[in-house]
Amino acid sequence: RLSLRSDNADRRLTQIGRSVGLVDDHRWNRLQNKLAAMQTFEAFLKSARRDGKSLWQLIRQPQHPLAAGFTQDSEVLAQGQSNEVMEAVLIEARYEGYTARQGRQIAAFRNLENIKLPDALDYARIPHLRFEAKENLARVRPHTLGQASRIGGITPADLTVIQIHLKHLKAF
């Protein structure tokens with residue numbers, strides 16, 4: 001959900017709109033210019049140093065004075081970027097850690113799709129699996145752990161119990 005913000009909708013959706021013929025050349029060029037400006041400005045912030053840290057690191061700290069007065073800082077203003085570009089880069093910096101963590105979670109979730117569940121798996125015999133989970137899994141009979149994760153009433157703990165059980169089965 002962190003990547004589906006209104007402030008980055010132009011960067012996420014304009015390319016899609018362009019591919020289906022909804023975005024004209026003027027709008028497309030405007031986006032390309034904004035992306036280039038953001039990339040240049042981000043590179044500046046990551047290379048410029050103050051107090052032993054990069055400006056990028058400082059704006060990621062909400063309590064730091066630079067983060068509060070970012071768009072009025074003389075060194076930042078000297079870069080000649082528009083407020084739109086400065087705000088977009090500031091938001092990206094602030095969300096960077098959260099979006100990276102979400103990316104790792106998404107990758108882990110996608111890995112669940114690769115874990116196949118045996119057709120003959122007897123959920124009733126899996127120790128430590130909650131009764132509700134046993135019933136729901138036996139009723140639906142998912143083919144992968146990813147499918148199991150989307151069944152109502154199945155918790156992350158249930159998925160972990162199943163994974164441990166599968167590893168235990170393979171050990172014998």
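# Notebook: helices and buried residues

**Entry 1: Leu58.** Leaving out neighbours within four places in sequence, I listed the residues in contact with Leu58 and found Arg50, Lys53, His64, Leu66 and Ala67. I note at the outset that the model is predicted. I then looked up the element that holds Leu58, and it is helix H3, residues 55–59. Is Leu58 buried or exposed? Its relative accessibility is 2%. Since a residue counts as buried under 20% relative accessible area, I entered Leu58 as buried because of that 2% value. I also checked the separation of Leu58 from Lys46, twelve residues apart along the chain, and their C-alpha atoms are 9.8 Å from each other.

**Entry 2: Helix H1.** Next I turned to H1, which spans residues 9–19. I recorded Asp10, Arg11, Thr14 and Gly17 as buried there. Why do the buried residues line one face of the helix? Seen down the axis of H1, they fall within an arc of 135°, and therefore they share one face. On the other side of H1 I found Gln15, Ile16 and Ser19, which are exposed. I then asked which helices the buried residues of H1 pack against. They pack against H2 (25–47) and H6 (83–112). After H1 comes Gly21, and I noted that its phi is positive, near 85°.

**Entry 3: H1 with H2.** Two packed helices are described by the angle between their axes and the distance between the axes. For H1 and H2, I read a crossing of roughly 145°, with axes that come within 11 Å. The crossing of H1 and H2 is left-handed. From H1, the residues that meet H2 are Asp10, Arg11, Thr14, Gln15 and Arg18. Their partners in H2 are Asp25, Arg27, Trp28, Leu31, Lys34, Leu35 and Met38. I sorted the residues of this contact into four nonpolar, two polar and six charged.

**Entry 4: H2 with H6.** I looked up the same quantities for H2 and H6. Their axes lie 9 Å apart, and the helices pack at an angle of about 60°. That angle is why H2 counts as oblique to H6. The crossing of H2 and H6 is right-handed. On the H2 side, I listed Lys34, Ala37, Met38, Phe41, Glu42, Leu45 and Lys46 as making the contact. On the H6 side, I listed Glu84, Val85, Met86, Ala88, Val89, Glu92 and Glu96. How many residues of the contact of H2 with H6 are nonpolar, polar and charged? I recorded eight nonpolar, no polar and six charged.

**Entry 5: Gln102.** I remained with H6, where Gln102 has its place. The relative accessible area of Gln102 is 16%, so I entered this residue as buried. Which residues does Gln102 touch, not counting those up to four places away in sequence? I found Arg1, Leu2 and Ser3.

**Entry 6: Helix H7.** Finally I examined H7, residues 131–140, in which Ala133, Asn136 and Leu137 are buried. Around the axis they cover an arc of only 95°, and so they are on the same side of H7. The face turned away from that buried side carries Phe131 and Arg139, both exposed. Arg141 follows H7, and I noted its positive phi, near 55°.

Methods:
Residues are numbered from 1 along each chain as its sequence is written. This is a predicted model: local features need pLDDT of at least 70, side-chain atom pairs count only at pLDDT 80 or more; totals for chains, interfaces and linings use all residues. Side-chain values use heavy atoms; hydrogens and water are left out. Buried means under 20% relative accessible area, exposed over 50%, partly exposed in between (1.4 Å probe, protein chains only). Helices (H or I, at least four residues) and strands (E, at least two) are DSSP runs, numbered from the N terminus. The arc is that of the directions from the helix axis to the C-beta atoms. Contact means heavy atoms within 4.5 Å. Axes are lines fitted to C-alpha atoms, for helices over the stretch in contact, and angles run from 0 to 180 degrees between N-to-C directions. Angles under 35 degrees count as roughly parallel, over 145 as roughly antiparallel, 65 to 115 as roughly perpendicular and the rest as oblique. A crossing is left-handed if the near helix is turned anticlockwise from the far one by less than a right angle, and right-handed if clockwise. Ala, Val, Leu, Ile, Met, Phe, Trp, Tyr, Cys and Pro count as nonpolar, Asp, Glu, Lys and Arg as charged, and the others, Gly among them, as polar.
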